[in-house]
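Reader: I am new to this structure and would like a close look at a single part of it, the empty space that the protein leaves. Could you take me through that part with care?

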Amino acid sequence: MIRWLFAIIGGALLGGVVHLVSVLVLPRVATLDAYSRLAPITRLNAVTALPAAEPGKAPMPFMDPAFASAACRYDLSNGPIKLTVPVSQAYTSVSFYTRNDVAYYAINDRSAGRRVIELDLMTAAQHAELPEDEEVTAADRLIIDSPTTTGLILLKALAAEPGLMPQAQASLAAANCRVQTDTPQAKR
């Protein structure tokens, strides 16, 4: 009876270890991650509209057809990124992912509190190089520190009704994701 108990406990522990290792390793060895899927259809440091989600033709799994979607593949090695996204009539969200599909920040139009979501994306080293400015507060400027130099920014705008999809797509088409040519003013 004791042998069976040890065998069951050992099997459960081995199964748990195998499961944990596979869950942690799989995102790093997967060849069709989000970044790889979007690389052929998007430009670097620019907002690119994604095709509409249709059965069997969606560029990403589980895309909602009620949302217009766009992506910006970024590379911070040439400097910080300035992102501006006009909010749509219904709902707009912006999500940030590392090269290995780890989500590290998200913001929507409700939390931005403005008609335009505007922020600076940079590495921690680039953020540390910013000069201090006492007159500029964190409320004046949103700075996001990226854990990696490359990654994805996904933009989504809700079309509350099918007839409002062109308006949601136009909102994302007006978005801008570009390397900053001027140096940012202040550290938050």
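**Pocket and cavity**

Author: In this predicted model, strand 8 gives the most to the lining of the largest pocket, contributing four residues. That pocket has a volume of about 330 Å³, and of the 16 residues that line it, the closest to its centre are Met 60, Pro 61, Tyr 97, Leu 154 and Lys 156. Strand 8, which covers residues 150-158, is one of the elements that give two or more residues to this lining, and the others are strand 2 (67-75) and strand 4 (92-98). Sorted by class, the lining of the largest pocket holds 11 nonpolar residues, together with two polar and three charged ones.

Turning from the pocket to enclosed space, a search of the whole structure finds one cavity of 30 Å³ or more, and the largest cavity has a volume of about 40 Å³. Its lining is made up of Ser 88, Gln 89, Ala 90, Leu 158, Ala 159, Ala 160, Leu 164, Gln 167 and Ala 168, and by class these are six nonpolar and three polar residues, with no charged residue among them.

One of the residues in that lining, Ser 88, also leads to a serine in helix 5, since Ser 171 touches Ser 88 as well as Pro 86 and Val 87, not counting residues up to four places away in sequence. Ser 171 lies in helix 5, which spans residues 165-173, and Ser 171 counts as buried because its relative accessibility is 9%, where buried means under 20%. A polar atom of the side chain of Ser 171 lies 2.8 Å from the backbone oxygen of Pro 86.

Technical notes:
Residues are numbered from 1 along each chain as its sequence is written. This is a predicted model: local features need pLDDT of at least 70, side-chain atom pairs count only at pLDDT 80 or more; totals for chains, interfaces and linings use all residues. Side-chain values use heavy atoms; hydrogens and water are left out. Buried means under 20% relative accessible area, exposed over 50%, partly exposed in between (1.4 Å probe, protein chains only). A polar contact is a pair of N or O atoms within 3.5 Å; within protein, one must be able to donate a hydrogen and the other to accept it, and residues adjacent in sequence count only if both atoms are side-chain atoms. Contact means heavy atoms within 4.5 Å. On a 1 Å grid over the protein atoms alone, a cavity is a set of points where a 1.4 Å probe fits but cannot get out, and a pocket is an open set with protein on both sides within 12 Å along at least five of seven lines; lining residues have an atom within 4 Å of a point. Grid points are joined across faces, edges and corners, and a volume is the space filled by probe spheres set on the points. Ala, Val, Leu, Ile, Met, Phe, Trp, Tyr, Cys and Pro count as nonpolar, Asp, Glu, Lys and Arg as charged, and the others, Gly among them, as polar.
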